[in-house]
Amino acid sequence: MAETRPDLTFTHPMVENVVSKIGIHATEPGDPCGSGMHLHLSPALLDDDGHVDFGVLGVFFDMACSQAGLNSPFLHQDISVHRIDKPTGAKLLVDARVARRGGRSAVVQIDVHDDLGTRVAYSCQ
């Protein structure tokens with residue numbers, strides 16, 4: 001059974017999924033955590049060298065694609081993940097945009113920065 005956060009009036013259907021367990025939030029405007037999709041960083045999400053773990057980035061990029069505004073069901077064919085720098089902040093933010101759209105496919109570009117402005121990763125899907 002899904003948990004109910006006391007500060008929300010509904011139970012999110014993915015509360016038991018890895019998405020919520022690693023700290024991904026997709027919030028509404030006005031949320032005290034900040035609006036939009038973001039990932040709260042913790043030492044468990046980082047490699048020994050301080051970069052965000054590739055598996056964590058893969059899940060984050062998979063979910064962040066939904067922020068590009070495709071407005072229809074989609075299936076990932078290919079996801080590239082490029083780590084750029086170690087995060088210095090406490091939260092990762094996404095900038096997802098459709099780079100090209102065809103009749104049956106689209107290319108989405110996603111940049112990830114931390115809350116202090118460090119460019120952490122990039123993805124093309």
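Two strands pair if DSSP finds at least two bridges between them. Keep that in mind, as much of this tour goes from strand to strand in a predicted model.

**Start with a pair**

Select His82 and then Tyr122: His82 stands opposite Tyr122 in E6. They belong to a good place to begin, where E3 and E6 run antiparallel and are joined by 4 bridges.

**Take in the whole chain**

Now zoom out and colour by secondary structure. You should find 2 helices and 6 strands in the protein chain. Follow the chain along its sequence and the pattern reads α-β-β-α-β-β-β-β.

Next, try colouring by confidence. The chain has a mean pLDDT of 81, with 83% of its residues at 70 or more. Select residues 18-21 for helix H1, whose mean pLDDT of 60 is the lowest among the elements. Then jump to residues 119-124, strand E6, where the mean is the highest, at 95.

**Walk across the sheet**

Hide everything but the strands. The 6 strands make an open sheet, and going across you meet them in the order E1-E2-E4-E5-E6-E3, with antiparallel pairing. At the edges sit strand E1 (24-27) and strand E3 (80-83), each of which pairs on one side only. Tilt the view to look for the twist, which averages 25° from one strand to the next.

Let's go through some of the neighbours:

- Select residues 36-40, strand E2, together with E4: this antiparallel pair has 3 bridges. Click on His40 and look across to Lys91 in E4, which stands opposite.
- Move on to E4 and E5, another antiparallel pair, this time with 9 bridges. Here Leu92 faces Asp114 in E5 as its opposite number. The two strands form a hairpin, with 4 residues between them.
- Carry on to E5 and E6, which run antiparallel and are joined by 5 bridges. Pick Gln109 and you will find Cys124 of E6 opposite.

Stay with E5 and E6 a moment longer. Which residue in their hairpin takes a positive phi? Select Gly117: its phi is near 100°, in a hairpin that has 4 residues between the strands.

**Look inside**

Bring the helices back and select residues 54-64, which make up helix H2. One of its residues is Phe61. Is Phe61 buried or exposed? Buried means under 20% relative accessible area, and Phe61 counts as buried because its relative accessibility is 0%. Across the chain as a whole, 31% of the 125 residues count as buried.

With Phe61 still selected, add Val94 and draw a distance between their C-alpha atoms. The two are 33 residues apart in sequence, and 8.6 Å separates them in space, C-alpha to C-alpha.

**Finish at a pocket**

For the last stop, turn on a surface and go to the second largest pocket, which holds about 420 Å³ of space. To find its centre, select Phe74, Leu75, Arg104, Ser105 and Ala106, the closest to that point of the 19 residues in the lining. Two elements give two or more residues to this lining: strand E4 (91-101) and strand E5 (106-114). Which of the elements supplies the largest share? That would be E5, with 3 residues.

Colour the lining by residue class before you leave. What mix do you get there? The count is 8 nonpolar, 7 polar and 4 charged residues.

Definitions and conventions:
Residues are numbered from 1 along each chain as its sequence is written. This is a predicted model: local features need pLDDT of at least 70, side-chain atom pairs count only at pLDDT 80 or more; totals for chains, interfaces and linings use all residues. Side-chain values use heavy atoms; hydrogens and water are left out. On a 1 Å grid over the protein atoms alone, a cavity is a set of points where a 1.4 Å probe fits but cannot get out, and a pocket is an open set with protein on both sides within 12 Å along at least five of seven lines; lining residues have an atom within 4 Å of a point. Grid points are joined across faces, edges and corners, and a volume is the space filled by probe spheres set on the points. Ala, Val, Leu, Ile, Met, Phe, Trp, Tyr, Cys and Pro count as nonpolar, Asp, Glu, Lys and Arg as charged, and the others, Gly among them, as polar. pLDDT is the predictor's confidence in each residue, from 0 to 100. Axes are lines fitted to C-alpha atoms, for helices over the stretch in contact, and angles run from 0 to 180 degrees between N-to-C directions. Buried means under 20% relative accessible area, exposed over 50%, partly exposed in between (1.4 Å probe, protein chains only).
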